Amino acid sequence: MVELAIDNKISRTSVEDPLAPPCMTPGAMAGSKPYMAAPEHNIKLGFPGELPDDWKEKAIARMGYLAETNRAFKVYLDTCMKCGACTDKCHYYMGSGDPKNMPVARQDLLRGVYRRYFTFAGKYFPKLVGAVDLTKEVLDDWYSYYHQCSECRRCAVFCPIGIDTAEITMAARDILDHVGIGQKYSNEIIGKVMDVGNNLGLNPKALKATMADLEEDIEDETGVAVRIPVDEKGADILLITPSADFFAEPHIDGLIGYAKVFHEAGVSWTVSSYASEAANFGMFIGSEENMAVLCKRIQKAAIELGVKRIIFGECGHAWRVAYNFLNTLGGPFDFLDQDYPIPQHILEFTWGELQKGTLNIDKSRNDEYRLTYHDSCNVARASRMGDEPGGQFEIPRNVLKAVTNNYFEMPEGTTKEQTLCCGGGGGLLTDDLMDIRKKGASPRMHALKQVEEDHGVTHMVAICAICKTQFAKMMPEFGFERDSILSVHQLVSNALIMEGQVDEDDDEDDDMDDVPAMSGAPATGGSL
């Protein structure tokens, strides 16, 4: 309960508890399904164009392959105790009340089929162990509810034996793809990266023109010629960043922040037009083969450009893929400088420069904001930064506190390893899933409302391209301005005063000094 003084009267308002369990509503989201991929999108990724006649045999065979080659997948299916610890931990269940969005229930959609075909009890006593036959109706349920999971792993934090629903979701999507039932959004985007190098389909000429325009904007604003190089051979650093950084707010302000930091640090760097995308949607669809194809593009670009280091920009799942899989799926990277992390996160780099005193920071330049920080799921629960456990929590906060004066945490139980998801990750950031995206975002937005009421927070900061895009859509739905979501490096950019920088306000003051005094009035600085 919050007390507000309005016209000298006390008004009591209540902010909804972000962790409150929902009212159960069976079937509430049964009709939620993303658009299916066109045959050409599936075929490009090595999958059938449409459902084949022998789909059932192919699906069971793929499930068997995954159970044989992925030990975690088999263990998760075999060991659930139905203890209920995960039931109210999924933000899609919290937002929708549909019991099939309980992590354990979502797992059981696949677990029942697995038991039917791969366990003794399921083959001979199916009803006793919840085993079910694989039918088209079951496939429909899979397609619906496994696209109501953002693979955020929050449920795994609370599971006493560590069952990871994200792994089961990825496996289910992989099986669906192998019988020609792919999701349009993810499969089409993976194909674009294979063709052009980024999710947007932005060709090299357009990319170079965009970077040139940004260079002009930075120089016009600061008077400093900051470069954003593309395909510059011999540069020390290859920046791999989400393509959202090339065209949309607030992402583009983050890219400007990276460029300013690199400039002040005195390092040479470049973007690659061949590998101009940090995102790897192969993870979303559970396809190791397609993940590897996209990772290999980064290796090829690094070799061709002759760089010594690879640094990733602000993107949650991209950092998860980079941190966990880049070396195994895209390596080896033995040609890089082994004295630096392979790969490294931009926040690790920036925090290092702040600690060295390289960056001239004026925190007051961000005083218009009262800030809180959203831990992006893939960074918080599937990766790490720095040399110490928990660095993925501390380093972003250290950078924020180094460049701002007004920082506040959201409620306990909604941040760090227990962070609430944005609701749009895992391949769900598509308009045909807007209803479940809003429901999935609601717990986080209620936590933001709470810190707004308690501390007057005006803006939330994130280091994930999907989170920023999702929140830009969700903010108005929950009473905030669309631009209430910011990038960490947007704030770094604001606070950083580069050598030789001349601000626009300084230019205006200089111009006023040059204006002749009006007739009959003393010139500036004259005596009366």
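Glu40 sits in helix H1 (residues 39–44); helices here are DSSP runs of H or I with at least four residues, strands are runs of E with at least two, and both are numbered from the N terminus. The model is a predicted one, in which local features need pLDDT of at least 70 and side-chain atom pairs count only at pLDDT 80 or more, while totals for chains, interfaces and linings use all residues. Residues are numbered from 1 along each chain as its sequence is written, and side-chain values use heavy atoms, with hydrogens and water left out. Glu40 counts as exposed because its relative accessibility is 52%; the cut-offs are under 20% relative accessible area for buried, over 50% for exposed, and partly exposed in between, with a 1.4 Å probe and protein chains only. Along the chain Glu40 and Glu50 are 10 residues apart, and their C-alpha atoms are separated by 9.5 Å.

Let us turn to the sheet. It is open, has 4 strands in the order S4-S3-S5-S6, and its pairing is parallel; two strands are taken to pair if DSSP finds at least two bridges between them. S4 and strand S6 (344–345) are the edge strands, each pairing on one side only. Strand S3 (residues 237–240) is covered on both faces, with Ile237 and Leu239 buried on one side and Leu238 and Ile240 buried on the other. S3 runs parallel to strand S4 (residues 269–271), and 3 bridges join them. Leu239 has Val271 as its bridge partner in S4. In general, strands of a sheet pair through backbone hydrogen bonds, either parallel or antiparallel.

Some loops around these elements have backbone features worth a look. Most residues other than glycine have a negative phi, and most peptide bonds are trans. Asp231, in the loop between helix H11 (204–222) and S3, is not a glycine yet has a positive phi of about 55 degrees. Its relative accessibility is 27%, so Asp231 counts as partly exposed. Pro250 is in the loop between S3 and H12, and the peptide bond that leads to Pro250 from Glu249 is cis, with omega near 0 degrees. Another cis peptide bond joins Gly331 and Pro332, with omega about 5 degrees; Pro332 belongs to the loop between H14 and S6.

Follow the chain on to helix H15 (residues 346–356), whose buried residues are Ile346, Leu347, Glu348, Phe349, Thr350, Glu353 and Leu354. After H15 comes Gly357, with a positive phi near 80 degrees. Glu348 is 39 residues from Asp387 in sequence, but their C-alpha atoms are 9.9 Å apart in space. Asp387 is in the loop between helix H16 (377–382) and helix H17 (391–403), and with a relative accessible area of 72% it is exposed.

Now for the open spaces. A pocket is found on a 1 Å grid over the protein atoms alone, as an open set of points where a 1.4 Å probe fits, with protein on both sides within 12 Å along at least five of seven lines; lining residues have an atom within 4 Å of a point. The largest pocket holds about 780 Å³ of space, a volume being the space filled by probe spheres set on the points, which are joined across faces, edges and corners. Its lining has 37 residues, and Tyr185, Ala244, Phe247, Leu429 and Thr469 lie nearest the centre. Where does the largest pocket lie? Domain 1 (4–186) and domain 2 (197–408 + 457–525) both give residues to the lining, so the largest pocket lies between them; the domain bounds come from an automatic or database domain assignment.

The second largest pocket has a volume of about 570 Å³. It is lined by 23 residues, with Asn70, Glu167, Met170, Gly286 and Glu288 closest to its centre. Helix H2 (55–69), helix H9 (165–177), helix H13 (288–305) and helix H14 (316–329) each supply at least two residues of this lining.

Finally, the cysteines. The count is 0 disulfides, a disulfide being a pair of cysteine sulfur atoms within 2.5 Å. For Cys90, the nearest cysteine sulfur is that of Cys149, 6.5 Å away, and Cys90 counts as buried at 8% relative accessibility. Why is Cys155 without a bond to Cys86? The sulfur of Cys86 is the closest cysteine sulfur to that of Cys155, but at 6.2 Å it is too far for a bond. Cys155 is also buried, with a relative accessible area of 10%.
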